[in-house]
Amino acid sequence: MATSLSSGLSTQEKLLRARQAAPRLAQLSTAEKNKILLDMADAVEKNADSILAANRADLENSGLAGAMRDRLLLNPDRIRGMAQGVRDVAALPDPIDQVLEETVRPNGLRITKIRVPLGVVGIIYESRPNVTVDTVAITLKTGNAIVLRGGKESARSNQCLVEILSRIPGVPEGAIELLDSATRESVQELIKARGLVDVVIPRGGAQLISFVTQNSSVPVIETGAGNCHIFVDESADLEMADRIVINAKTQRPSVCNAAEKLLVHERIARDYVPRIARLLLEHGVEVRGDERAREYATGQNVGTATAPDWDEEYLRLCMAIRVVSSVDEAIAHINQHSTKHSDSIVTRDEGNARRFLRQVDSAVVYWNASTRFTDGGEFGFGAEMGVSTQKLHCRGPFALAELTSTKYQIVGTGQVRP
């Protein structure tokens with residue numbers, strides 16, 4: 001049983017501990033795992049004061065402001081939300097040992113395909129200490145050890161949380177390892193630890209994700225930056241469009257599923273662009289626009305959108321507006337400039353909606369809904385490891401099933417191959 005954080009050990013020693021813990025985790029029963037998770041949720045709530053104190057120290061030393069500070073911030077509501085997320089994971093079906101296929105060959109061999117843990121999961125992430133709790137819950141439920149490498153700005157929060165979670169009775173020693181965040185050496189060692197680590201998940205900005213995918217010798221599940229779009233089609237219910245755009249941009253602008261770009265059909269642009277620009281400005285959003293958008297919003301504080309804007313993930317209260325001639329032009333723009341994360345169409349035209357849903361090449365595509373729903377909790381997964389924008393192994397918000405692999409169990413009665 002883990003009783004203290006292995007803070008005095010080297011990265012390699014921590015990775016070895018995680019490797020040794022993985023088989024023990026794989027043997028835990030569903031009941032044992034759920035008991036641990038429920039105890040973890042209770043412990044997070046019980047230790048809220050110490051978590052908030054550690055987080056205050058992080059905030060005071062972070063130098064962060066605005067949306068980036070919000071990513072780091074914990075408060076009583078967010079702590080309760082983290083605990084509830086752990087309980088939600090405990091309530092979900094256990095995917096381990098789930099039978100996916102079962103066949104009997106003509107020679108009598110019984111072939112069964114089942115889900116099994118990946119083994120050791122490494123995650124590299126920035127700022128958000130809730131990721132620590134979410135990912136520990138998901139990996140424990142799937143019988144995986146986890147190696148956490150958080151950002152230096154959240155070091156105290158992460159250490160406090162890992163200490164609390166590691167002390168829960170029943171957690172094998174080494175099941176939860178936290179790497180040093182003071183230097184980049186721990187990242188280098190983690191992504192080169194093939195044989196000790198089975199998969200690495202980078203969760204953060206485009207620069208971090210690019211570095212890990214280009215330099216890792218460990219298989220990577222790439223979580224994506226979110227240059228997310230909303231297209232308001234000519235037949236859209238404009239009041240619905242207002243609600244969706246404002247929610248997607250302003251509800252929490254610092255996260256990857258917040259909308260960054262707004263495309264408006266030219267047949268309604270003269271009326272809708274000044275209307276939505278005014279609403280965005282009233283909500284404190286910096287608004288930029290292409291030439292036609294700025295023309296239609298004359299008299300409002302709408303800046304010029306330049307070529308780099310269409311590819312930028314703002315992660316703040318900023319949105320660029322472009323006027324397009326058709327659903328096909330909207331689809332082409334999105335497929336050229338999006339990060340393949342989440343994109344939405346607002347329309348009454350089912351034909352246009354179905355074309356958008358089919359042709360936009362993103363992990364999550366919406367019809368008449370905010371992009372802010374791209375989240376494991378909102379999808380009923382309890383929590384998530386991230387949102388994958390790649391196509392191999394998993395895509396979109398991923399959690400329990402995606403943290404498993406498969407193996408075949410073959411039962412015979414003495415068969416030999418002729």
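**Exercise 1. A buried strand**

Which residues point one way from β6 and which the other way?

Solution. The model used here is predicted, so local features need pLDDT of at least 70 and side-chain atom pairs count only at pLDDT 80 or more, while totals for chains, interfaces and linings use all residues. Residues are numbered from 1 along each chain as its sequence is written, and side-chain values use heavy atoms, with hydrogens and water left out.

Begin with the general rule that side chains in a regular strand alternate between the two faces of the sheet. In β6, Val199, Ile201 and Arg203 point one way and Val200 and Pro202 point the other way. Strands (E, at least two residues) and helices (H or I, at least four) are DSSP runs, numbered from the N terminus. Next, consider burial, where buried means under 20% relative accessible area, exposed over 50%, and partly exposed in between (1.4 Å probe, protein chains only). Strand β6 (residues 199-203) has five of its five residues buried, so it is largely enclosed by the rest of the structure. As a last step, look for the partner: β3 and β6 pair in the parallel sense over five bridges, and Ile123 stands opposite Ile201 in β6. Two strands count as paired if DSSP finds at least two bridges between them.

**Exercise 2. The seven-stranded sheet**

Find the order of the strands in the sheet of seven, and then place helix α10 on the sheet.

Solution. The seven strands run in the order β10-β9-β11-β8-β7-β12-β13, forming an open sheet with parallel pairing. At its edges are β10 (302-304) and β13 (364-367), each of which pairs on one side only. From one strand to the next, the twist averages 25°; axes are lines fitted to C-alpha atoms, for helices over the stretch in contact, and angles run from 0 to 180 degrees between N-to-C directions. Helix α10 (residues 238-250) packs on this sheet, touching β7 (228-232), β8, β11 and β12 (342-346), and its direction makes about 170° with that of β7. Contact here means heavy atoms within 4.5 Å. Within the sheet, strand β8 (residues 259-265) pairs with strand β11 (residues 318-324) in the parallel sense over five bridges, and the bridge partner of His265 in β11 is Val324.

**Exercise 3. The three-stranded sheet**

Identify the edge strands of the sheet of three, and follow one pair of strands through it.

Solution. This open sheet has the order β1-β2-β16, and its pairing is antiparallel. The edge strands are β1 and β16 (404-411), since each pairs on one side only. Here the twist averages 20° from one strand to the next. Strand β2 (residues 110-117) and β16 are joined in the antiparallel sense over eight bridges, with Lys407 in β16 as the bridge partner of Ile114.

**Exercise 4. Two pockets**

Describe the largest pocket and the second largest pocket by volume and by lining.

Solution. On a 1 Å grid over the protein atoms alone, a pocket is an open set of points where a 1.4 Å probe fits, with protein on both sides within 12 Å along at least five of seven lines, and lining residues have an atom within 4 Å of a point. The largest pocket holds about 970 Å³ of space, a volume being the space filled by probe spheres set on the points. Among its 44 lining residues, Arg128, Asn130, Arg252, Val255 and Asp375 are the closest to its centre. The elements giving two or more residues to this lining are α4 (66-72), α5 (76-91), α6 (130-141) and β14 (386-388), and α5 gives the most, with six residues. By type, the lining of the largest pocket divides into 13 nonpolar, 17 polar and 14 charged residues; Ala, Val, Leu, Ile, Met, Phe, Trp, Tyr, Cys and Pro count as nonpolar, Asp, Glu, Lys and Arg as charged, and the others, Gly among them, as polar.

The second largest pocket holds about 370 Å³ of space. Of the 18 residues lining it, Glu126, Arg149, Arg184, Gln207 and Leu208 are the closest to its centre. Here β3 (120-125) and α9 (206-215) are the elements that give two or more residues, and α9 gives the most, with four.

**Exercise 5. Two loop residues**

Is Ser127 buried or exposed?

Solution. Ser127 lies in the loop between β3 and α6, and its phi is near 65°, a positive value in a residue other than glycine. Its relative accessible area is 3%, so Ser127 is buried. Asp97, in the loop between α5 and β1 (99-104), also has a positive phi, near 70°, but at 52% relative accessibility Asp97 counts as exposed.
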